[in-house]
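Here are a few short exercises to work through with the model open beside you. Try each task before reading its solution.

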Amino acid sequence: MKTFEELGVSEPLRKAVEELGFESPMPVQERVIPRLLGDAHDIIALAQTGTGKTAAFGLPVLQRVNPELNKPQALILAPTRELCLQIGSDLADFSKYVPDVKVLPVYGGSSIESQIRSLKKGVQIIVATPGRLIDLIKRGVVKLDDVNTVVLDEADEMLNMGFLESLEQILSYVPEGRKMLLFSATMPADIAKIAKRYMKDYEEIVVGTRNEGAQNVRHIYYMVNARDKYLALKRIVDNSPNIYAIIFCRTRRDTQEIADNLIRDGYNAEALHGDLSQQQRDIVMKKFRDRVVTLLVATDVAARGLDVDDLTHVINYGLPDDTAVYTHRSGRTGRAGKSGVSIAIIHSREKGKLREIERIIGKTFERKDVPTPEHIIEKQLYNLADRLERVKVNEEEIARYLPGISRKLEWLSEEDLLKRVISLEFNRLLDYYKDAPNIDFIDAKPTKAERKGRKSEHERPKNDKEKDRRTAERGMERVYINVGKRDGFFAGNLIDMLNKLIPGKRVDVGRIDLLPGYSLFDVKKSDARKVVGALTGSEFYGKRIHSEIADAERDYSKIAEKRKNKK
């Protein structure tokens with residue numbers, strides 16, 4: 001293993017990183033630093049967040065700058081304000097003993113006037129979000145004529161956020177002879193397009209495997225009915241007493257609702273989504289970084305650029321549609337050589353999506369049973385015992401209070417005292433989990449004993465299977481709607497319609513069966529009539545919707561066929 005000195009890093013920068021605790025270069029640093037310092041061509045580096053990539057580009061960028069030239073010489077682009085600030089902070093730490101080099105983060109959501117004042121004083125390195133940088137260029141405040149190095153950090157995230165045109169516009173202002181470094185966790189097609197158009201004879205460096213998650217992340221999934229997802233989430237959290245996690249949700253509404261429910265149920269949780277103001281967002285982020293909050297419920301967009309070390313878990317409250325998004329989520333734990341856990345809470349219809357993610361990232365998910373109440377309580381008790389063993393006791397301060405406390409509690413035996421300490425801590429959990437049911441999804445695969453004396457599924461009459469399709473799961477009501485796959489109608493369309501037609505109330509949807517000419521789905525019995533009323537009379541791409549509570553005796557396939565033949 002090489003040293004930073006052997007990589008060519010200057011003495012002032014080495015002194016700073018040694019004080020920061022950098023003992024030896026990480027793999028991405030070992031491969032990128034000498035190339036960026038030398039005469040190498042442009043570089044694409046495929047590496048996960050948390051692999052040490054900021055130092056990989058930051059140290060050579062700082063070293064290549066001429067402190068006597070008071071103009072921008074290096075440009076680092078990042079997708080979010082948070083990442084922009086994080087990079088700026090890291091570069092300030094690295095340049096502790098290079099005081100003449102000035103680094104300025106510029107980003108939206110902050111006073112542009114103060115950023116303009118700082119730019120007029122002169123800076124050598126600009127760390128920027130694309131939108132704010134373009135604004136400053138158009139105002140004539142930023143000129144990129146002397147830039148010799150351009151770094152695109154989390155380039156795939158920038159493309160996901162729709163910054164392609166902005167990137168192309170910014171790169172048109174940069175001299176052609178500049179060196180360019182592109183960092184990305186995955187390699188989508190648009191990254192290749194940027195490379196082909198703006199990078200010359202680039203070298204591709206892969207740390208790990210293309211589109212693969214962090215190596216030391218364990219991938220686990222729990223399968224439950226859709227209505228039990230929140231219960232499963234609480235059990236997973238309760239089963240990990242020292243959890244420090246991000247819980248990813250698909251929509252802002254889900255994010256806020258789950259965070260509100262967790263807070264109501266006594267958990268240290270907060271929501272992070274696009275409806276928050278920048279001030280609210282900063283407060284939430286600070287609380288999470290300081291571990292005042294240990295559960296951050298977030299959308300993918302809101303969490304971009306959030307750089308937090310030591311996450312124990314990433315929890316997917318359902319799987320994303322894009323595998324690259326899953327890679328980014330899971331890559332937030334198990335960083336810098338530490339282990340982490342990426343958990344997916346899914347229902348049976350998401351199993352195919354899970355297998356597709358497994359195929360692309362080259363990892364196998366472990367299926368685990370949802371923790372039982374007995375296991376959770378035992379885990380929490382052992383954690384309490386561990387905390388009692390490790391608690392720091394201030395002998396001098398506490399000694400004066402011990403005689404009075406001893407007299408107060410002397411009537412209690414050692415066992416009684418222990419029971420009371422435990423009850424003080426665990427009465428809420430004990431009450432909550434009393435008589436709690438098993439919520440694991442049971443795969444519909446009967447045992448040999450269950451199959452004995454009964455026809456196999458393939459031998460059952462078609463009408464029986466159709467009737468099963470029209471029958472709701474326990475506690476739910478089956479709803480019919482007169483659009484199906486032939487109409488371009490899928491599960492996402494159904495959820496979108498319900499969200500639009502029933503504002504302010506989240507409808508829990510269970511099993512969905514999409515047929516060519518119609519669809520059937522489960523909702524809670526209490527919501528069924530409201531759902532039918534909201535859907536009926538609405539339109540789906542010009543087609544008038546009819547909906548009703550499904551009749552198990554009615555053959556909807558024949559109705560759909562008649563409707564098709566009338567056309």
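**Exercise 1. Charges over rings**

Find the ring that Lys15 lies over, and the ring under the charged end of Arg291.

Solution. This is a predicted model, so take each value as computed from its atoms. Start with Lys15: it lies over the face of Tyr97, 4.3 Å from the ring centre. A charge counts as sitting over a ring only within 6 Å of the ring centre, and 4.3 Å is the value for Lys15 and Tyr97. Next, go to Arg291, whose charged end sits over the ring of Tyr244 at 3.9 Å from its centre.

**Exercise 2. Classifying a ring pair**

The structure holds nine aromatic pairs. Decide how the rings of Phe57 and Phe183 are arranged: stacked, edge-to-face or tilted?

Solution. Step one is the distance: the ring centres are 5.6 Å apart, and the cut-off for a pair is 6.5 Å. Step two is the angle, which is 55 degrees between the planes. Stacked needs under 30 degrees and edge-to-face over 60, so the pair of Phe57 and Phe183 is tilted. Step three places the partners: Phe57 is in helix α3 (residues 53-64) and Phe183 in strand β6 (residues 179-184), so this pair links distant parts of the chain, 126 residues apart. Finally, check exposure: Phe57 is buried, with a relative accessible area of 0%, and Phe183 is buried with a relative accessible area of 0%.

**Exercise 3. A second pair, and a cluster**

Work out the arrangement of Phe489 and Phe540, and find where each of them lies.

Solution. The centres of Phe489 and Phe540 are 5.1 Å apart and their planes stand at 90 degrees, making the pair edge-to-face. Phe489 lies in the loop between β15 (476-481) and α22 (491-501), while Phe540 belongs to strand β18 (residues 539-540), so the pair ties together parts 51 residues apart in sequence. Both Phe489 and Phe540 are buried. For a further look at rings, turn to Phe4, Phe22 and Phe94, which ring pairs link into a cluster.

**Exercise 4. Strand β8 and its neighbours**

Explain why strand β8 (residues 217-223) is largely enclosed, then name bridge partners for His219 and Tyr221.

Solution. Count the buried residues first: six of the seven in β8 are buried, so the rest of the structure largely encloses the strand. Now look at the pairing. Strand β13 (residues 340-346) runs parallel to β8 over seven bridges, with His219 opposite Ser342. Strand β14 (residues 366-367) also pairs with β8 in the parallel sense, over two bridges, and there Tyr221 has Arg367 as its bridge partner.

Notes:
Residues numbered from 1 in each chain as written. Predicted model: local features only at pLDDT ≥ 70, side-chain atom pairs only at ≥ 80, totals over all residues. Heavy atoms only, no water. Phe/Tyr/Trp six-rings, centres within 6.5 Å; stacked < 30°, edge-to-face > 60°. Helix = DSSP H or I, 4+ residues; strand = E, 2+ residues; numbered from the N terminus. Buried < 20%, exposed > 50% of the residue type's maximum accessible area, 1.4 Å probe, protein only. Lys NZ or Arg CZ within 6 Å of the ring centre and 35° of its normal. Pairing = 2+ DSSP bridges.
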